[in-house]
Amino acid sequence: MREGAVGAPFSRPGATLTGSAWGASWRWVLTEISAEAVEQLGGPEWLRATRREALARFSSAELPTEAEEVWRYSRIDDLDLARFSVEGGAGPGSAGAVPPGPAAVLSDRAATVLVENGVVTAVDLSGPAAAGLTVTPLRELPGDPAAPDRPPADRPRLGAVAGSADPFVDLSTALTADGVLIEVARGSVLTAPVVVSHRFSGSGVVRAARTVVRCGANAQASVVEEVLSSDELTLVLPVVELDLEEGANLDYAGIQALGPRAWQIGYQASRLGRDAALRSLIVALGGWYARVRTDSRLVETGASTRLLALYFGDGDQMHDFRTLQEHAAPKTTSDLLFKGAVRDTAHGVYSGLIRVRPGAAGTNAFQTNRNLVLSEGATAWSVPNLEIEDNDVRCSHASAVGPVDEEQQYYLESRGVPPDAARQLIVLGFFQDLLRMAPAPGMHEAVRELVAAKLEGRDGT
């Protein structure tokens, strides 16, 4: 097997490297990552130590294949890491060619964070709306004076929620030059969202992104995060960690509008304490292959999570979603609703698991996936699953894959609506319940416009 082929070990000494200072021009082939090369990413000692540990795990692992259930139906066998390299020179303006994203419509904000090619380049906190909020680039977090290879005890360790879910999470951690830590203090209520805009550019480059959100006890907040890229071949590895303490309430929206040649292999992990509540909405419209694995763990009594996703693929795109709703405590609730549409020769994949652990009596867990297939050559797969290890639970799952309802189409056309416009109205109506759940005023219409533009072929992706 050639170096870089899927399934081969990825432990390669002797990377080619030029330049050493942060911001210099440094570059190495992805299949030749060495510990020395990762050290060039810089940052505090605790971040360097975290990257070393992740690189060691990645280097000793074999990459997944479509033979594994969690990667079934994916395009992972098509990923040749030898086509990608890591490139430096990140900083203000480094991703300036990337057009603004949908979050630009949000004028009322608690904070705005700009991340260019994986490096935080601007943080703006907006006065009274940001009371109780702290936003810190990971590179600016000091280490514990007694243990420089660990962050201070009052700050979460990178990976505390995400862990080491798969080799791509480890690779993302190993290549994390910077990231965003959003902390909402105990009892604080943010009256406007925190907006994080990730912009990526560069051809044949892999980029890591890390966002950590920590809500203290009884805090309330909303976070809108967008992932954007130029129209170039790129591999983006975003990892999002959501940590909610007792009674915390978080609304999170992740909007992916990558360029049409981009690969994304993303991971979102959440951990919910006693009586905490999370509502997460993922919108996926861009990329050639865009995958998000979502693991939500309810670890204490009374926690509840609502997982939502809207995805629309055309051309030869593939949107790939894998979810885990894990109930590890009694009287917890999870509700999942993922909706997708595909046309042309696009593919949609959904595979999800509700897992009820022993001792989680009183669980309520629901899982629904619905898909519209708008063209004969398009395909959608839906595979919901249950794993129940306790009694006294209410769990259900449902999935549907089918074309536009002919009666709805006929009804609109019989009232003078042109066929294409009728179909657009039906698709937008199909997504409407999800659009209404966007966490910030203005996001509803912004996302609706993105979907409408894609339906009309004017999205530019």
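This report walks through a predicted model, beginning with its confidence and then turning to helix pairs, two loops and a buried arginine.

## Confidence of the model

Across the protein chain the average pLDDT is 89, and 91% of the residues score at least 70. The stretch formed by residues 1–26 has a pLDDT that stays under 50, although the model has 73 contacts beyond four places in sequence for these residues. Where pLDDT is low, the predicted coordinates should not be read in detail.

## Helix 2 and helix 3

Helix 2, which covers residues 45–59, packs with helix 3 at an angle of about 145°, and the axes of the two helices are 8 Å apart. The crossing in which helix 2 passes helix 3 is left-handed. On the side of helix 2 the meeting residues are T50, R51, A54, L55, R57 and F58, while helix 3 brings P167, D170, L171, T173 and A174 to the same pairing.

One of these residues, T173, can be followed in more detail. T173 belongs to helix 3, which spans residues 167–174, and it counts as buried because its relative accessible area is 6%, which is under 20%. When neighbours within four places in sequence are left aside, T173 is in contact with T50, R51 and A54, and also with L158 and R210.

## Helix 4 and helix 5

A second pair is formed by helix 4 (residues 406–414) and helix 5 (residues 419–435), which pack at an angle of about 130° with their axes 9 Å apart. The two helices are therefore oblique to each other, since this angle lies neither over 145 degrees nor within 65 to 115 degrees. The contact involves Q408, Q409, L412 and E413 on helix 4, and P419, A422, R423, L425 and I426 on helix 5. As for handedness, helix 4 passes helix 5 in a right-handed crossing.

The surroundings of helix 4 can be described at both of its ends. At the N-terminal end, D405 acts as a cap, with a side-chain oxygen placed 2.8 Å from the backbone nitrogen of E407. After helix 4 comes G416, whose phi is positive and near 90°.

## Two loop residues with positive phi

N117 is not a glycine, yet it has a positive phi of about 50°. This residue sits in the loop that joins strand 3 (111–116) and strand 4 (119–125). Because its relative accessibility is 9%, which is under 20%, N117 counts as buried.

K331 likewise has a positive phi, of about 55°, without being a glycine, and its place is the loop between strand 16 (318–327) and strand 17 (333–342). The relative accessible area of K331 is 61%, and this residue is therefore exposed, the cut-off being over 50%.

## A buried arginine in strand 14

R293 is part of strand 14, which runs over residues 289–298. With a relative accessible area of 18%, R293 is buried, because the value falls under 20%.

The side chain of R293 makes a polar contact, at 3.0 Å, with the side chain of D295. Once residues up to four places away in sequence are not counted, R293 touches A165 and D166, then G266, Y267 and Q268, and finally R322.

Note on methods
Residues are numbered from 1 along each chain as its sequence is written. This is a predicted model: local features need pLDDT of at least 70, side-chain atom pairs count only at pLDDT 80 or more; totals for chains, interfaces and linings use all residues. Side-chain values use heavy atoms; hydrogens and water are left out. Helices (H or I, at least four residues) and strands (E, at least two) are DSSP runs, numbered from the N terminus. Buried means under 20% relative accessible area, exposed over 50%, partly exposed in between (1.4 Å probe, protein chains only). A polar contact is a pair of N or O atoms within 3.5 Å; within protein, one must be able to donate a hydrogen and the other to accept it, and residues adjacent in sequence count only if both atoms are side-chain atoms. Contact means heavy atoms within 4.5 Å. pLDDT is the predictor's confidence in each residue, from 0 to 100. Axes are lines fitted to C-alpha atoms, for helices over the stretch in contact, and angles run from 0 to 180 degrees between N-to-C directions. Angles under 35 degrees count as roughly parallel, over 145 as roughly antiparallel, 65 to 115 as roughly perpendicular and the rest as oblique. A crossing is left-handed if the near helix is turned anticlockwise from the far one by less than a right angle, and right-handed if clockwise.
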